[in-house]
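Hi,

Here is the structure I promised to send over. Have a look at it first, and then read my notes below.

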Amino acid sequence: MSEHAPYLSGLVLTDRRVVVVGGGGVAQRRLPRLLETGAKIDLISPAITPTIEGLLGNPALNWIQRGYVAGDLEGAWYVVVATDVAEVNDQVSAEAEERRIFCVRSDDRSRATAWTPASGQHDHVTIGVLGGGDHRRSAAVRDAILEELRTGALGARDSVDKTAGVYLVGGGPGDPDLITVRGRRLLAEADVVVADRLAPQQLLEELHPDVELIDAAKLPRGRAAQQEEINRILVDRAQQGKLVVRLKGGDSYVFGRGFEEAIACADAGVPWTVVPGITSSISVPAAAGIPVTHRGVAHEFTVVSGHIPPGHADSLVNWEALARLRGTLVLLMAVENLPEIAKTLIGFGRDASTPAAAIADGTLPGQHSVTSDLAGIAQAMSAAGVGAPAIVVVGNVVAVAEEISGVRSE
């Protein structure tokens, strides 16, 4: 093998013939990436793995169910040889050399004319790393670069693909690690960030110094006035050609008024994109060890906003219907009105002894919870000092969690 360094290049294989010899684990790892290139692939092997068999629905992959024979490389642009038989690998690579076709060998890189780099892709950026034969090192360097790209730590603000507009980003339940990869990258690319008080605060510390950070909690008081000002800011900054991130806790479309902001952008002709987040209605109970559904216990769960009490003229909730359900009830923004909510549910027929739990500061280091029954959960919360923001879960899944996961008051 030559002591010279290899020349790393990107092959354009669209509609070009590629031959893969061997149907085992190596071929299984290589085929998905090759299929992404748009190549026309002939796979030559007497047998293939079940995973490869599942790829045969792709019309670009043709399985030739036999061993390799001379002449199989006719018209090929690239060859991957990955059998367990050294003689076959030698035959294929020799023919490839004779035909001047670059050939990858899985068994002996010193006798190959091409090496497969540890590769990965993020957006329109493809990473390829050759570690001089050290595959573990190549993969580790590749993974580190991809992680930096995905989180926006590497090159995000200088990206040519950066598109002005408004991005409605759900920040997840509180733990900064639970925001989506795309959400984190957008924060790294942002020119302006308009953040809720329930958005993961640690993420704001990572913003670039040039980012304009607007604390939505400090805007004019009153829900209508505040939302109107948020809408105005989003539209104004986007019209200035900036990338604007509207960062919320949980998911923007789960009691987050995100669609009101989308409507404001649409009315102003401003491009907008929603980036879903992990809603606290599911993730916070899960973090406390409570599944919102469980086989044989709950076949449905219902998420309800409790910011308006039962019987209020503005309430859109059918509390009588909710009381008749047998599944899990998850209450958001319900701390203040919980005594009236519990009384109403019991009054309409929900068993007062139904297990209930309340979790505050879910997924954060200070997470704490209390369990009781429906009749006593409000009082138990008060006695334990569990206040807003908190998630309340009503249903038999709470009892199951206590038995299996050891859920208890903290």
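**What I found**

The protein chain has 13 helices and 17 strands. Its radius of gyration is 29 Å, well over the 22 Å that the globule rule gives for 410 residues, so the chain is more spread out than a compact globule. Keep in mind that this is a predicted model. If you follow the C-alpha trace along its principal axes, the chain spans about 85 × 55 × 35 Å.

How much of the chain is buried? Buried residues account for 43% of the 410 residues. As for the outside, the accessible surface of the chain is about 21100 Å², and carbon and sulfur atoms own 51% of that. I also checked contacts between residues at least 6 apart in sequence: 60% of these join residues at least 24 apart.

Now zoom in on Y253, in the loop between β11 (243–248) and α8 (258–268). Is Y253 buried or exposed? Neither, really: Y253 has a relative accessible area of 37%, and because buried means under 20% and exposed over 50%, it counts as partly exposed. F259 is partly exposed too, at 47%.

Those two residues also turn up as a pair. Searching the whole structure gives one aromatic pair. The ring centres of Y253 and F259 are 5.6 Å apart and the ring planes sit at 90 degrees, so this pair is edge-to-face.

Finally, Y253 and F259 join I263 and W272 in a nonpolar patch on the surface, and together the four have about 380 Å² of accessible area.

Cheers

How values were computed:
Residues are numbered from 1 along each chain as its sequence is written. This is a predicted model: local features need pLDDT of at least 70, side-chain atom pairs count only at pLDDT 80 or more; totals for chains, interfaces and linings use all residues. Side-chain values use heavy atoms; hydrogens and water are left out. Patches are made of residues with over 30% relative accessible area and no salt bridge: like charges are joined within 9 Å, nonpolar side chains (Val, Leu, Ile, Met, Phe, Trp, Tyr) within 5 Å. Accessible areas come from the Shrake-Rupley method with a 1.4 Å probe; for residues, only the protein chains shown count as cover. A salt bridge is a side-chain nitrogen of Lys or Arg within 4 Å of a carboxyl oxygen of Asp or Glu. Helices (H or I, at least four residues) and strands (E, at least two) are DSSP runs, numbered from the N terminus. The radius of gyration is taken over C-alpha atoms; the globule rule is 2.2 Å times the number of residues to the power 0.38. Buried means under 20% relative accessible area, exposed over 50%, partly exposed in between (1.4 Å probe, protein chains only). Contact means heavy atoms within 4.5 Å. Rings of Phe, Tyr and Trp (its six-membered ring) pair if their centres lie within 6.5 Å; planes under 30 degrees apart count as stacked, over 60 as edge-to-face and the rest as tilted.
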